[in-house]
Amino acid sequence: MEKIAVLDSGGQYCHLIARKVRELGVYAEIFPVGVNADETRGHQGIILSGGPSSVFDAASPQPDPRLFETGKPILGICYGHQLLAKHLGGKVERGQTHEFGSATLRVRDEGGLFDGLAREHRVWMSHGDHVVRLPENFEILASTDECSVAAMGQAERGVYGLQFHPEVIHTPDGPAMLRNFLRNACGCAMSWRPKDRVDILVQQIREQAGARRVLFFLSGGVDSTVAYALTVRALGSPKVEAVYVDTGFMRDRETLEIEEAFSALDLGRLRVVDASGLFMGRLRGIADPERKRVVIGQAFVDVQDEILANDEYRDQGWVLGQGTIYPDTIESGGTDSSDVIKTHHNRVKRIQDLLEEGRVLEPLSEFYKDEVRELGRSLGLPSKLLERHPFPGPGLAIRCLCSSSAAGPAADERIAALAEQYGYSAFLLPLRSVGVQGDSRSYAQLTVLHGAELDYRRALPLSTAITNEFRHTNRVVATLAPRRIEPSEWRIRPATLTPERVRLLQRVDRAVTDYLRSDGLYDRVWQSPVVLLPWSRDGGESVVLRPITSVDGMTAAVAELPRDGLLALASRLCEINGVDSVLYDVSNKPPSTIEWE
Ligand code: XMP
């Protein structure tokens, strides 16, 4: 099988590169940048990813020098481009400033990477250091105003370096450049498709499970259902058990719907375990999001342990089955150089231990969401199930924001002045949520825009301008109802998870889902979390709508839903007892994450 090795220097974008390569029809695998060159022997080409390091740092991750002697095609991106220059005899210098954002690329050489493409391109730059001298026999292929060696290469060897990021959407012709690398430099036929992997996956599951049985904890979502269906195909349903743990943080009527959907699939019996009391009890009084995630992860493990201790599993060899997918492993700090953004419930310590003992089966851990859907289709699963929006394991618990103290909004003159240029009033709310800045986690305050109707053409650039300029805020919301807020009348109150808050969130979430479905919007968004904030005028809650579009959840853009429908929805929501305001999240990922916690 044709494959490409993507060497990871710690960039979140590494997954985007691998995903793009697969989308173009070549299987891509990620390795740490320092991997032994022998491990890439079977690969048609190598891509060196970007990353947060500088080649000048003594501890910066370095590739095996033998990589450059293999004669394989190599594409270096950003930090990878600088590594190429450094290792092949060129020169890198520290930049005086950091170049970040869109730039116009002018192509000098039309062949190779730019074969068949225009002479000018919009590209995305994000770097401090830059290449000032080419390695021997290399040519400058393209430049921007700020960066003369924006693309370099030695076409005969198929070795290229790009200072910009071809893998992000802000480089519209990036996929065409990657395609040229794969086809022209690596000679790939580009015919790989996820569904062609089904037989291999089935074989792998059989080998890994051996004589052991598999206990699958299903969430009712796409990933765990597809992973389970694959495992049943590999081992037959008598050897696979399905258990669904009701945490109490599912959406309205969801447990019932999952049971019905599962029985229609005819894949075996689903055992439902009601653990809602345990989960709520353990989370009582906890406000910190990472703490909530860790407690939820541990509660899952304890419920699983109890099930395993009670039945026949104790005497038999068993393996735990999970629907973990590729990005789940990196956003929890899955590769050597990456930071922990959020602790996913399927990557807590106990599960890590089981993983090390070889007792976790994760058939989808190499796949991305859209590929999982394709696998599901080829297994014959119904599209209604496959097209469901992703729902996080910790469920509504991480959509119900908590606060350990009381506070009021804070005036921030600089943010207010910036907002005024766009026709909005703005203040800062000391309620923090998680974001991703560069390759690291951020946990910062919220900016509220109000005083004008939601207008995407103004609110979205303003949101970007605010989060680019100020580090103490990583997320921006705009009011839907009421439109204007008198900040001094509104307070954040201390709040933790309670059954009443969860029930209110379920009710609001149901109303939002009904609206999305009835207006034909459900399939136009990737996900649409609804978040509850303990911020109010009359002792109730504020509701945030967070519809986004995405391909894989790694990056996301604000979904621009029609305003009239939203305003009507917002006034319906305000009629629900306990809802004081409705806000619209106007932050992309990055700098915010999709879920708030
Ligand atoms: P973030 O919030 O990190 O979310 O931008 C990216 C995607 O991952 C989902 N998500 C989770 N899924 N367990 C899961 O199974 C989790 O703990 C978890 N946290 C976030 C999120 O809904 C989005 O689709």
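This passage walks through a helix, a buried aspartate and a few unusual backbone spots in a predicted model.

Helix α3 is a good place to start. It runs over residues 174–185, and its twelve residues reach 16 Å from the first C-alpha to the last. That is close to the 16 Å expected at 1.5 Å a residue. Part of this helix is tucked away from the surface: Gly174, Ala176, Met177, Leu178, Asn180, Phe181 and Leu182 are its buried residues. What do these buried residues of α3 pack against? Their partners are the strands β1 (3–8), β3 (45–48), β4, β7 (120–127) and β11 (159–162), along with the helix α1 (13–23). Just past the end of α3, glycine 187 takes a positive phi of about 70 degrees.

A little further along comes methionine 190, in the loop that links α3 to α4 (198–209). Its phi is positive too, near 65 degrees, and this residue is not a glycine. Buried or exposed, then, is methionine 190? With a relative accessible area of 12%, methionine 190 is buried. Cysteine 78 tells a similar story in another loop, the one between β4 (74–77) and α2 (79–87). Here phi is about 55 degrees, again positive in a residue that is not a glycine. Cysteine 78 has a relative accessibility of 6%, so it counts as buried.

Now for the aspartate. Aspartate 585 sits in strand β26, which covers residues 579–585. Its relative accessible area is 0%, so aspartate 585 is buried. Which side chains make polar contacts with the side chain of aspartate 585? One is that of arginine 475, at 2.9 Å, and another is that of arginine 546, at 3.3 Å. Both arginines also turn up among the residues in contact with aspartate 585 once its neighbours within four places in sequence are left aside. The rest of that set is made up of Val476, Val477, Val544, Leu545, Val558 and Trp596.

The segment after β26 holds a pair of backbone oddities. Proline 590 lies there, and so does proline 591. The peptide bond leading from lysine 589 into proline 590 is cis, with omega near -20 degrees. The next bond, from proline 590 to proline 591, is cis as well, and its omega is near 15 degrees.

Definitions and conventions
Residues numbered from 1 in each chain as written. Predicted model: local features only at pLDDT ≥ 70, side-chain atom pairs only at ≥ 80, totals over all residues. Heavy atoms only, no water. Helix = DSSP H or I, 4+ residues; strand = E, 2+ residues; numbered from the N terminus. Buried < 20%, exposed > 50% of the residue type's maximum accessible area, 1.4 Å probe, protein only. Polar contact = N/O pair within 3.5 Å; in protein donor to acceptor, adjacent residues only side chain to side chain. Contact = heavy atoms within 4.5 Å. Expected span 1.5 Å × (residues − 1).
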